[in-house]
Amino acid sequence: FSLTLQVSYGGSSEQLSNTELYPSFYRTVPSDKNLVEAVVELLNQFGWNWIASIGSDDEYGRGAQGQFSSMAGDHSICIAFEGLIPMDLAEPRATTQLEDTITAINKTNVNVIVLFAYNKPAQALLRHSIRMGLSKKVWIGTEAWMLSNTAASIPNIQSIGTVLGFIMKAGTVPGFQNYVANLFTSVQQEKFCQESREVAQQLGSDTLPTRCQPCDHVLMDDIWPTLSLAQIQPVYVAVYSVAHALHRALGCTHQACPTAPIRSWQLLHFMNTLPFQVNGQSFRFDESHGTNTGYKLIFWSWENSSLTYLPVGDYEGSLNINSSLIRFHTADQKEPTSQCFRQCKPGQFRELKGYHLCCYDCTDCPENTFWRREDSSGCSPCQAQQWSPARSTQCLERSERYLLWSQPLALALLALMATTAALACLTALLFLKHLDTPLVRASGGRLSLFALLALVLLCLSCCLYVGKPSDRLCTAQQLVHALCLTACFSTFLAKSLEITLVTEFPRCAPSLLHWVTQRAWLLVALCLFTECCLCFCYLCLGPDSLVADYKSLPREVLLVCHTQSWGAFALMHGYNACLAFICFLGTFMVETSGKKYNIARGITFAILIYFVTCIFFVAFFATLKTVLRSVTQICTILTTSLGILGTYYIPKCYIILLKPDLNTEDYCQFPTREKPEEDS
């Protein structure tokens with residue numbers, strides 16, 4: 001079959017851009033797609049994203065509205081209401097449908113209405129909006145109704161608000177107005193009409209029927225405004241496009257055209273080739289067989305009930321607006337807002353609200369999450385080793401957190417540690433100087449020096465908790481703590497056994513006391529060996545190791561020592577608790593007269609302080625999640641050391657230095673029952 005060339009000067013439907021379905025269709029007007037792109041650009045420039053879209057119930061209205069709906073969603077424009085205006089306004093349901101449309105627009109609280117409709121449906125909607133008292137809106141229209149004098153002459157039309165719209169850019173056709181004026185004058189002459197009838201008869205057609213009587217009353221002033229409309233040039237260009245294609249097909253020159261048969265389909269090739277000139281303006285059909293000359297943005301400017309179509313911008317791929325020329329209907333004549341959402345700032349994500357999927361609130365990204373430009377619907381979590389403040393667009397590396405040597409709290413604890421260690425050293429020197437005195441011998445003699453040395457080491461172990469931890473330091477903390485306490489408590493155990501034999505088993509004391517006192521070092525060594533075995537199990541089953549805690553602190557990574565085997569940990573430290581408990585059982589019930597020094601009382605109070613300190617340590621350590629854990633461990637060590645020094649050793653130093661008259665065998669001998677009846 002042959003293709004017939006078709007050139008349209010008014011068909012703007014986007015469906016006609018499909019060259020596979022319509023290979024021989026050309027047009028000299030832009031596609032509705034270009035118009036919709038201009039409307040979307042206008043909405044974006046003014047920040048209007050909450051709008052109503054109305055179209056006439058025909059191919060033009062439905063097609064443009066469908067294009068607008070899909071494009072609006074891609075540009076974050078939320079359509080609160082979509083409606084169609086019936087074409088047959090005489091139908092009974094038409095009025096109800098228009099009223100329902102106005103009511104629905106009122107409920108949405110939109111301030112902007114986009115209207116894709118021809119003249120009559122648009123007029124019907126505007127009349128009903130005025131009659132029903134629709135508040136002033138911004139109406140965005142097209143030249144299908146914007147340039148209509150009948151639409152502009154609707155009573156009280158100024159009350160609808162602000163009218164903006166796009167009309168096609170088109171030049172004037174030189175001489176056209178004069179041609180029409182001359183033709184209009186000729187029509188009114190009988191000679192012209194007679195000549196027209198004669199020509200029609202020669203052609204054998206009935207072109208001129210009976211004279212149109214109403215046409216006699218049409219004046220030149222009635223048709224003059226239409227002579228300058230933008231729809232005139234597309235007709236002119238359409239005719240000239242075919243003429244230029246025919247000119248090229250025939251191979252015409254400036255002098256003449258050869259005579260040759262040309263079929264319609266042969267012109268298609270020439271329609272797609274070189275551009276052609278019309279009145280000095282260049283035109284060319286694009287790949288969709290259309291010409292896009294762009295649009296002008298028109299504003300209905302009212303001055304004393306006189307309407308002017310004021311150009312305020314243009315669109316040729318991008319929109320340029322002179323906003324100062326637009327006087328909106330608001331009190332300050334500034335553009336109104338029509339938003340169900342605002343443009344989210346960097347660091348905020350869109351949180352849907354209501355039943356409109358395109359409506360949302362802007363919510364700040366919470367801490368430790370960040371906003372990515374390619375995904376504005378949510379916030380992405382930072383990696384474990386990173387952090388971010390609220391409303392952030394990037395993640396930052398966490399700084400390491402541990403107890404620094406330079407921190408005031410660490411310096412204060414180290415000063416207290418030095419004081420405690422110095423006090424233990426001075427006590428040891430004092431005991432060494434008075435090693436052979438009754439009080440020092442009764443307190444344990446050389447065993448006391450060994451216990452004081454263990455306390456000094458225990459105090460110095462506080463340094464292991466300050467500074468950046470490591471796997472080795474974490475292991476050393478527990479081992480030193482456990483072994484030093486074992487060394488101290490084993491000396492107390494030897495002394496507690498002596499006191500128990502003398503006070504609770506006086507009949508057996510003479511035979512067993514010598515064995516206990518002479519082999520006290522063996523007992524201490526046995527206790528330490530047992531603890532060393534437990535420490536070895538601790539090392540084998542799982543010593544403490546360094547772990548990075550990313551959850552306790554929001555912006556820092558907390559370096560802490562993590563216990564891998566709680567069983568081995570409990571055995572190692574539980575052994576010291578057992579030694580302390582045995583010492584407590586052997587000494588807490590011992591009674592002496594006021595004339596004797598009670599050695600057992602110092603051990604009892606020292607053990608009590610140890611147990612109370614352990615209880616508080618467990619309570620605090622389980623609840624603290626920061627560097628205060630290290631502080632708690634240091635405080636536990638120093639409290640235990642000061643408790644032992646203050647209850648067991650310092651009172652003896654007081655007697656040695658200030659009460660030397662009490663440092664006698666009679667005052668410092670072991671308390672005994674004066675009349676024991678039987679061994680317990």
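# A guided tour, from helix α3 outward

Begin by selecting Thr 95, whose place is in helix α3. The model on your screen is a predicted one, and this residue makes a convenient door into it. Is Thr 95 buried, exposed or something in between? With a relative accessibility of 34%, Thr 95 counts as partly exposed, because the class in between runs from 20% to 50%. Now add Ala 124 to the selection and draw a line between the two C-alpha atoms: they are 8.9 Å apart in space, although 29 residues separate Thr 95 from Ala 124 in sequence.

## Two helices that cross

Extend the selection to the whole of helix α3, residues 92-108, and to helix α4, residues 119-131, and turn the view until both axes can be followed; these axes come within 10 Å of each other and cross at roughly 60°. At that angle α3 is oblique to α4, since 60° falls outside the ranges that count as roughly parallel, perpendicular or antiparallel. The crossing of α3 and α4 is right-handed.

If you show side chains here, you will find Thr 95, Leu 98, Glu 99, Thr 101 and Ile 102 on the α3 side, meeting Ala 124, Leu 125, His 128, Ser 129 and Arg 131 on the α4 side. Sorted by class, this contact of α3 with α4 has 4 nonpolar, 4 polar and 2 charged residues.

Stay in helix α4 and select Ala 122, which also lies there. Ala 122 has a relative accessibility of 0% and therefore counts as buried. Which residues does Ala 122 touch, once its neighbours within four places in sequence are left aside? They are Leu 115, Ala 117 and Trp 145. Select Gly 55 as well, which is 67 residues away from Ala 122 along the chain, while their C-alpha atoms are separated by 8.5 Å.

## The sheet of eight strands

Next, colour the strands of the open sheet that has 8 of them, following the order β4-β3-β5-β6-β7-β10-β11-β12, and note that the pairing is mixed. At the edges stand β4, residues 78-85, and β12, each of which pairs on one side only. Going from neighbour to neighbour, and ignoring direction, the strands of this sheet are turned by 25° against each other on average.

Zoom in on the β4 edge, where strand β3, residues 50-56, runs parallel to β4 and is joined to it by 7 bridges. One pair to pick out is Ala 52, which stands opposite Phe 81 in β4.

Then travel to the other end of the order. Strand β10, residues 295-303, and strand β11, residues 306-315, run antiparallel and are joined by 9 bridges, and within this pairing Phe 299 has Leu 310 in β11 as its bridge partner. The two strands form a hairpin with 2 residues between them, and in the turn you can select Asn 304, which has a positive phi of about 55°.

Following β11 onward leads to strand β12, residues 319-321, which pairs with β11 in the antiparallel sense over 3 bridges; Tyr 315 stands opposite Leu 319 in β12. This hairpin of β11 and β12 has 3 residues between its strands, and Gly 317 takes a positive phi near 90°.

Before leaving the sheet, show helix α1, residues 32-46, which lies across β3, β5, β6, β7, β10, β11 and β12 and runs at about 50° to β12.

## A second sheet and its helices

Move now to the open sheet of 3 strands, ordered β19-β21-β20, whose pairing is mixed. Its edge strands are β19, at 399-401, and β20, at 545-549, each pairing on one side only, and the twist from one strand to the next averages 35°. Strand β21, residues 556-562, pairs with β19 in the parallel sense over 3 bridges, and here Ser 399 stands opposite Glu 556 in β21. Packed on this sheet is helix α15, residues 471-504, which touches β20 and β21 and whose direction makes about 115° with that of β20.

Keep α15 selected and add helix α17, residues 520-541: the axes of α15 and α17 come within 9 Å and cross at roughly 155°. An angle over 145° counts as roughly antiparallel, so α15 is roughly antiparallel to α17. The crossing of α15 with α17 is right-handed, and the contact has, by class, 17 nonpolar, 5 polar and 1 charged residues.

## Stepping back

Finally, show the whole chain, in which there are 21 helices and 21 strands. Of its 680 residues, 44% count as buried.

How values were computed. Residues numbered from 1 in each chain as written. Predicted model: local features only at pLDDT ≥ 70, side-chain atom pairs only at ≥ 80, totals over all residues. Heavy atoms only, no water. Axes fitted to C-alpha atoms, helices over the stretch in contact; angles between N-to-C directions. Helix = DSSP H or I, 4+ residues; strand = E, 2+ residues; numbered from the N terminus. Parallel < 35°, antiparallel > 145°, perpendicular 65-115°, else oblique. Left-handed = near helix turned anticlockwise from the far one by under 90°. Contact = heavy atoms within 4.5 Å. Nonpolar A, V, L, I, M, F, W, Y, C, P; charged D, E, K, R; others polar. Pairing = 2+ DSSP bridges. Buried < 20%, exposed > 50% of the residue type's maximum accessible area, 1.4 Å probe, protein only.
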